[in-house]
Amino acid sequence: MVTSDLFDNNAKIDAFVFTDESNRFYFTRFETSFGAVVLSREKSVFITDFRYEAEAMENIADFEIVITNYSGFYAKIAEVLTSMGAKTVGYGEKMFIDEFAQFKAALAGFKLKPAEDAISAKRAVKTDEEIGFISAAQQIAEGALKRAISHAKAGMTERELMAAINYEMIIGGAEKYSFETIVAFGANTAQPHHHPSDKKLDKNELILVDMGAKYKGYCSDMTRTFCLGHPGEQLAEVYETVKEAQEYAIKNIKAGMTCHDADALAREYITAHGYGDNFGHSFGHGVGVDIHESPRVGANSQTVLQPNMIITAEPGIYIAGLGGVRIEDMLVVKEDGVLNLTNYDKKLNI
């Protein structure tokens, strides 16, 4: 993983330390439960313990591997930083209070600067390799949903459909799920982050599925809303409104616009159709190693979209006691528009 731009954009920082699991993986492409990445302009060091020594030596290229244990972890970070000649150190993530106290005490001889914004900005713009991994994860998820939803029938519970989707993702090539799969039936679809229950599916009820697969350490994210029959006039209208709002936004999003403006494309469309108060979440978010990354594509975000950012496009309308609709695709931002990584159709009826 090239790091020169990280230093070019943060010239006053001599070295970076990343102890967060996601950031460790981002730089090393190696998943561990313990360790740190320490970077200077001239040197890259991965610190871990004996459990990962052999695999790290075999799998992590262009890094010096340093072995320590938990009790000596922060002292070892300080030792590595000293060997690099670092004076100002950027640390790149949130830590638990007790961890930060140990970190700060061990690095008392260095000037510490929070650098979460720096690493978030770097991770927000994807390489071609990262886009390939996310695209592959999305293809796995789409295949899984297509196979699982074909078995949806009256009497099936939300948990049963969730289990079928998860099973299909794993046998289809996913390493794991990007997040807990959301399956909601009927009035439960009005809860954007509903936890699957023993609610049974009835004829003419909505089915909302929000899911993602993880491949090579990268996430996908997709939502589709279906109906086993006909949902009634109002929910059919809601479905068309969400679908049209998403299509309008996707057609007009491009690099150079702010996240606020991207959000407004769908939000204003939904508001114009009388459902503005029923769209309570942001239009989208970044996706990568984590399911939620920078940028946040919402009404209060002035972040400027850049080429090769990957964002979701997920407008929704939710009516308590009746039901809700969300449709979500993943987009690669380009200079003149977007590349949609989601190919799953948007038919309501199954």
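These exercises work through helix packing, aromatic pairs and one loop residue in a predicted model.

**Exercise 1. Helix packing**

Classify the packing of helix α4 against helix α5 by angle, and give the hand of the crossing.

Solution.
- Two packed helices are described by the angle between their axes and the distance between the axes.
- Helix α4 covers residues 73–84 and helix α5 covers residues 97–106.
- Their axes are 9 Å apart, and the angle is about 40 degrees.
- Angles under 35 degrees count as roughly parallel, and 65 to 115 as roughly perpendicular.
- The angle of about 40 degrees therefore makes α4 oblique to α5.
- The crossing of α4 and α5 is right-handed.

**Exercise 2. The contact residues**

List the residues through which α4 and α5 meet, then sort the contact by class.

Solution.
- From α4 come Y74, A75 and A78.
- From α5 come E99, Q102, F103 and A106.
- By class, this contact of α4 with α5 has five nonpolar residues, one polar and one charged.

**Exercise 3. Two aromatic pairs**

Decide how the rings of Y91 and F100 are arranged, then do the same for F133 and Y218.

Solution.
- A pair of aromatic rings is described by the distance of the centres and the angle of the planes.
- The cut-offs come next: centres must lie within 6.5 Å, planes under 30 degrees apart count as stacked, and over 60 as edge-to-face.
- The count of aromatic pairs by this rule is 18.
- For Y91 and F100, the centres are 5.5 Å apart and the planes are at 45 degrees, so this pair is tilted.
- Y91 has 14% relative accessibility and so counts as buried.
- F100 has 24% relative accessibility and so counts as partly exposed.
- For F133 and Y218, the centres are 5.8 Å apart and the planes are at 40 degrees, so this pair is tilted.
- The F133–Y218 pair links distant parts of the chain, 85 residues apart.
- F133 sits in helix α7 (residues 128–149), and Y218 in strand β11 (residues 218–219).
- Both F133 and Y218 are buried.

**Exercise 4. The aromatic cluster**

Name the residues that form one aromatic cluster with Y91 and F100.

Solution.
- The cluster holds F34, Y70, F73, Y74, Y91, F100 and F103.
- Among them, Y74 in α4 and F103 in α5 are also part of the helix contact.

**Exercise 5. A loop residue**

Place D62 in the fold, judge its accessibility, and relate D62 to K126.

Solution.
- D62 lies in the loop between α3 (53–59) and β4 (64–67).
- Its relative accessibility is 73%, so D62 counts as exposed.
- D62 and K126 are 64 residues apart in sequence.
- In space, D62 and K126 are 20 Å apart, C-alpha to C-alpha.

Definitions and conventions: Residues numbered from 1 in each chain as written. Predicted model: local features only at pLDDT ≥ 70, side-chain atom pairs only at ≥ 80, totals over all residues. Heavy atoms only, no water. Axes fitted to C-alpha atoms, helices over the stretch in contact; angles between N-to-C directions. Helix = DSSP H or I, 4+ residues; strand = E, 2+ residues; numbered from the N terminus. Parallel < 35°, antiparallel > 145°, perpendicular 65-115°, else oblique. Left-handed = near helix turned anticlockwise from the far one by under 90°. Contact = heavy atoms within 4.5 Å. Nonpolar A, V, L, I, M, F, W, Y, C, P; charged D, E, K, R; others polar. Phe/Tyr/Trp six-rings, centres within 6.5 Å; stacked < 30°, edge-to-face > 60°. Buried < 20%, exposed > 50% of the residue type's maximum accessible area, 1.4 Å probe, protein only.
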